[in-house]
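Please look through the structure shown below, with its sequence beside it. The paragraphs that follow lead through it one region at a time.

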Amino acid sequence: MGAYWSEFNDYELFKTAKRFEYFEHSYGSVVGFTETLKYANNVGLENIENYNRKLSEKLRENLQNSGFKVLDQGNRLSSIVTFCGADNDLENIQKVLTENNVFFSVSYKNSALIDFTNKNVPGAIRLSPHYFNTMEEIEKISEILKG
């Protein structure tokens with residue numbers, strides 16, 4: 001897609017941005033994405049947003065009440081909840097989450113140097129509740145972390 005095959009052993013790159021197009025397409029991904037859009041539109045984007053907000057607000061509240069540092073700031077927060085231990089601990093939290101088969105990610109200072117420097121933390125644990133999660137799961141993860 002990005003070149004003209006001019007001879008048996010030669011080609012000429014297109015001079016436009018077309019040269020960066022992929023030759024092969026993942027039709028499975030296109031079908032999957034189409035079904036995802038149908039599902040999200042059926043549930044309703046506003047319903048998804050409202051439910052995600054409730055889940056993440058509850059998780060933030062539970063974490064703060066258990067002594068964790070919740071690092072999220074702003075007037076309109078996303079569903080990604082970032083936190084660390086009261087003593088900036090990340091390692092023990094990772095261990096507990098891994099032992100309990102909880103999916104999470106970690107961002108370290110080199111990923112958000114200005115933000116984490118301003119917050120005086122080495123990094124953050126990231127949990128991302130979404131509309132396929134339940135409030136019971138939020139309570140369960142909160143209890144796991146509280147312990």
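Which residue in strand 6 does Phe83 stand opposite? In this predicted model, the residue opposite Phe83 is Ile125 of strand 6. The setting of this pair is strand 4, residues 81-84, and strand 6, residues 123-127, which run antiparallel and are joined by three bridges. Both strands belong to an open sheet of four strands, whose order is 3-4-6-5 and whose pairing is antiparallel. Strand 3 (69-70) and strand 5 (105-108) are the edge strands, and because each has a single partner strand, one side of each is left without a neighbour in the sheet. Helix 2, made up of residues 45-65, lies across strand 3, strand 4 and strand 6, and runs at about 10 degrees to strand 4.

From the sheet and this helix the path leads to the nonpolar interior. The largest nonpolar core has 21 residues, and the members that touch the most other members are Leu63, Phe83 and Leu145. At least two residues of this core come from each of helix 2, strand 4, helix 3 (91-99), strand 6 and helix 5. Phe83, already met opposite Ile125, is also one of the contacts of Leu145, which, when its neighbours within four places in sequence are left aside, is in contact with Leu63, Phe68, Phe83, Ile93, Leu97 and Leu127.

A polar site can be followed next, in the loop between strand 3 and strand 4, where Asp72 has its place. With a relative accessibility of 19%, Asp72 counts as buried, because the limit for that class is under 20%. The side chain of Asp72 is joined to that of Arg60 by a polar contact of 2.6 Å, and it makes another polar contact, of 2.4 Å, with the side chain of Thr82. Leaving out residues up to four places away in sequence, Asp72 touches Leu77, Ile80 and Val81 as well as Arg60 and Thr82.

The aromatic residues offer a further view of how separate parts of the chain meet. A pair of aromatic rings is described by the distance of the centres and by the angle of the planes. Three aromatic pairs are counted in the model. In one of them, the ring centres of Tyr39 and Tyr131 are 5.9 Å apart and the planes stand at 20 degrees, so this pair is stacked. Because Tyr39 lies in helix 1 (residues 27-43) and Tyr131 in the loop between strand 6 and helix 5 (135-146), the pair ties together parts that are 92 residues apart in sequence. Tyr131 also pairs with Phe132, with ring centres 6.2 Å apart and planes at 50 degrees, so that pair is tilted. Through ring pairs, Tyr39, Tyr131 and Phe132 are linked into a cluster. Within this cluster, Tyr39 is partly exposed at 49% relative accessible area and Tyr131 is partly exposed at 22%, whereas Phe132, at 61%, counts as exposed.

The last stop is Thr16, which lies in the loop between strand 2 (10-13) and helix 1. This residue counts as partly exposed, with a relative accessibility of 48%. Between Thr16 and Gly2 the C-alpha to C-alpha distance is 8.8 Å, while in sequence the two are 14 residues apart.

Methods. Residues are numbered from 1 along each chain as its sequence is written. This is a predicted model: local features need pLDDT of at least 70, side-chain atom pairs count only at pLDDT 80 or more; totals for chains, interfaces and linings use all residues. Side-chain values use heavy atoms; hydrogens and water are left out. Two strands pair if DSSP finds at least two bridges between them. Contact means heavy atoms within 4.5 Å. Axes are lines fitted to C-alpha atoms, for helices over the stretch in contact, and angles run from 0 to 180 degrees between N-to-C directions. Rings of Phe, Tyr and Trp (its six-membered ring) pair if their centres lie within 6.5 Å; planes under 30 degrees apart count as stacked, over 60 as edge-to-face and the rest as tilted. Buried means under 20% relative accessible area, exposed over 50%, partly exposed in between (1.4 Å probe, protein chains only). A nonpolar core is a set of buried Ala, Val, Leu, Ile, Met, Phe, Trp, Tyr and Cys residues joined through side-chain atoms within 4.5 Å. A polar contact is a pair of N or O atoms within 3.5 Å; within protein, one must be able to donate a hydrogen and the other to accept it, and residues adjacent in sequence count only if both atoms are side-chain atoms.
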